[in-house]
Amino acid sequence: VEQCVAWVTEDESGHRLLVAYARLASRSVDGTLLREFLKQKLPAYMVPGLVEIVDAFPLTPNGKIDRQRLPRPVARAASPAVKDRPATDTQRFLAETFGEVLGVPEPGMHDDFFALGGHSLSATRIIGRLSRRFPLELTIADIFEFSTIAELAAHIDAQLHPQPHREESIPRATRAVRHVRFESQEDVP
């Protein structure tokens with residue numbers, strides 16, 4: 001990154017979001033990769049919803065970046081490559097909620113919340129809707145950690161329907177050890 005600036009702006013659908021604009025020394029990096037890097041380095045609330053790559057920054061007459069003339073981010077649509085549809089009630093509810101809050105007609109199960117234009121305020125709206133629907137204590141951190149509909153639905157379903165501990169999931173050697181009895185303390189390894 002040769003030069004960058006962050007700016008709170010609105011996309012074409014009127015949603016406010018934090019956008020990072022970057023001018024790169026090389027085209028070997030894209031906005032998605034930069035955003036993933038930032039997720040590892042910054043607190044979740046500081047990670048921009050979008051990273052836009054620009055060739056040059058518009059400048060004011062005194063040489064500063066003219067933020068008003070930065071390109072307006074394009075409202076993100078669902079990934080056309082992903083054809084899977086919601087399969088569970090939880091996925092259907094999340095797809096509907098993501099779509100309404102983010103202004104995306106049909107979000108894919110594997111589309112990233114932030115790549116669709118999500119940010120901390122929209123995450124708060126989604127958490128509010130989820131808390132009214134599910135008897136769980138979900139937080140914004142859950143959306144940052146499970147940022148696709150498929151991941152978040154699996155997380156919610158795992159909390160709603162925890163799997164009982166099943167002995168067949170324990171390796172056979174471990175099961176055998178549990179049934180060994182020691183006659184005295186000297187026999188204990």
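Contact means heavy atoms within 4.5 Å. The exercises below use this cut-off on a predicted model.

**Exercise 1. Find the contacts of Glu151 and describe its setting.**

Step 1. Locate the residue: Glu151 lies in helix α5.

Step 2. Apply the contact cut-off, leaving out residues up to four places away in sequence. Glu151 then touches Glu145 and Phe146.

Step 3. Check the accessibility. Glu151 has a relative accessible area of 36% and is therefore partly exposed, as this class lies between the limits of 20% and 50%.

Step 4. Look across to a residue distant in sequence. Gln91 is 60 residues from Glu151 along the chain, and their C-alpha atoms are 9.5 Å apart.

**Exercise 2. Describe the secondary structure of the protein chain and the extent of its burial.**

Step 1. Count the elements: the chain has six helices and three strands.

Step 2. Put them in order. Read from the N terminus, the elements run β-β-α-β-α-α-α-α-α.

Step 3. Turn to burial. Of the 189 residues in the chain, 38% are buried.

Step 4. Consider the contacts with a separation of 6 or more. Residues 24 or more positions apart account for 55% of them.

**Exercise 3. Work out how helices α2 and α5 pack.**

Step 1. Take the geometry. Helix α2 covers residues 89-102 and helix α5 covers residues 149-160; their axes are 9 Å apart, at an angle of about 130°.

Step 2. Classify the angle. Angles of 65 to 115 degrees count as roughly perpendicular and those over 145 as roughly antiparallel. The helices α2 and α5 are therefore oblique to each other.

Step 3. Give the handedness: α2 crosses α5 in a right-handed manner.

Step 4. List the residues that make the contact. From α2 they are Thr90, Gln91, Leu94, Ala95 and Phe98, and from α5 they are Ile149, Ala150, Leu152, Ala153, Ile156 and Asp157.

Step 5. Sort these residues by type. The contact of α2 with α5 has eight nonpolar residues, two polar and one charged.

Step 6. Follow one of the polar residues. Thr90 belongs to helix α2 and, at 7% relative accessibility, counts as buried. Beyond its neighbours within four places in sequence, Thr90 contacts Phe134, Ala153, Ile156 and Asp157.

**Exercise 4. Do the same for helices α2 and α3.**

Step 1. Take the geometry. The angle between α2 and α3 is about 145°, and their axes are 10 Å apart.

Step 2. Give the handedness: the crossing of α2 and α3 is right-handed.

Step 3. List the residues that meet. Phe93, Leu94, Thr97, Phe98, Glu100, Val101 and Leu102 come from α2, while Ser122, Arg125, Ile126, Arg129, Leu130 and Arg133 come from α3.

Step 4. Sort them by type. The contact of α2 with α3 has seven nonpolar residues, two polar and four charged.

Step 5. Follow one residue of α2. Thr97 counts as buried, with 2% relative accessibility. Not counting residues up to four places away in sequence, Thr97 touches Ile126 and Arg129.

**Exercise 5. Identify the largest nonpolar core and the elements that build it.**

Step 1. State its size: the largest nonpolar core has 26 residues.

Step 2. Name the residues with the most contacts inside this core. They are Leu94, Phe98, Phe113, Leu130, Leu152 and Ile156.

Step 3. Assign the elements. Those giving two or more residues to the core are α2, α3 (120-133), α4 (140-145) and α5. Helix α2 gives the most, with six residues.

Step 4. Trace Leu94. Outside its neighbours within four places in sequence, Leu94 contacts Leu130, Ile149, Leu152, Ala153 and Ile156.

Step 5. Look for another core. A second, separate core has eight residues, among them Val5, Leu17, Val19 and Tyr21.

**Exercise 6. Decide whether Asp55 is buried or exposed, and find its contacts.**

Step 1. Locate the residue: Asp55 sits in the loop between β3 (50-53) and α2.

Step 2. Compare the accessibility with the limit. Exposed means over 50% relative accessible area. Asp55 has 63% relative accessibility and therefore counts as exposed.

Step 3. Find its contacts. With neighbours within four places in sequence left aside, Asp55 is in contact with Arg23 and Arg27.

Step 4. Add a distance. Ala25 is 30 residues from Asp55 along the chain, and their C-alpha atoms are separated by 9.7 Å.

Conventions: Residues are numbered from 1 along each chain as its sequence is written. This is a predicted model: local features need pLDDT of at least 70, side-chain atom pairs count only at pLDDT 80 or more; totals for chains, interfaces and linings use all residues. Side-chain values use heavy atoms; hydrogens and water are left out. Axes are lines fitted to C-alpha atoms, for helices over the stretch in contact, and angles run from 0 to 180 degrees between N-to-C directions. Helices (H or I, at least four residues) and strands (E, at least two) are DSSP runs, numbered from the N terminus. Angles under 35 degrees count as roughly parallel, over 145 as roughly antiparallel, 65 to 115 as roughly perpendicular and the rest as oblique. A crossing is left-handed if the near helix is turned anticlockwise from the far one by less than a right angle, and right-handed if clockwise. Ala, Val, Leu, Ile, Met, Phe, Trp, Tyr, Cys and Pro count as nonpolar, Asp, Glu, Lys and Arg as charged, and the others, Gly among them, as polar. Buried means under 20% relative accessible area, exposed over 50%, partly exposed in between (1.4 Å probe, protein chains only). A nonpolar core is a set of buried Ala, Val, Leu, Ile, Met, Phe, Trp, Tyr and Cys residues joined through side-chain atoms within 4.5 Å.
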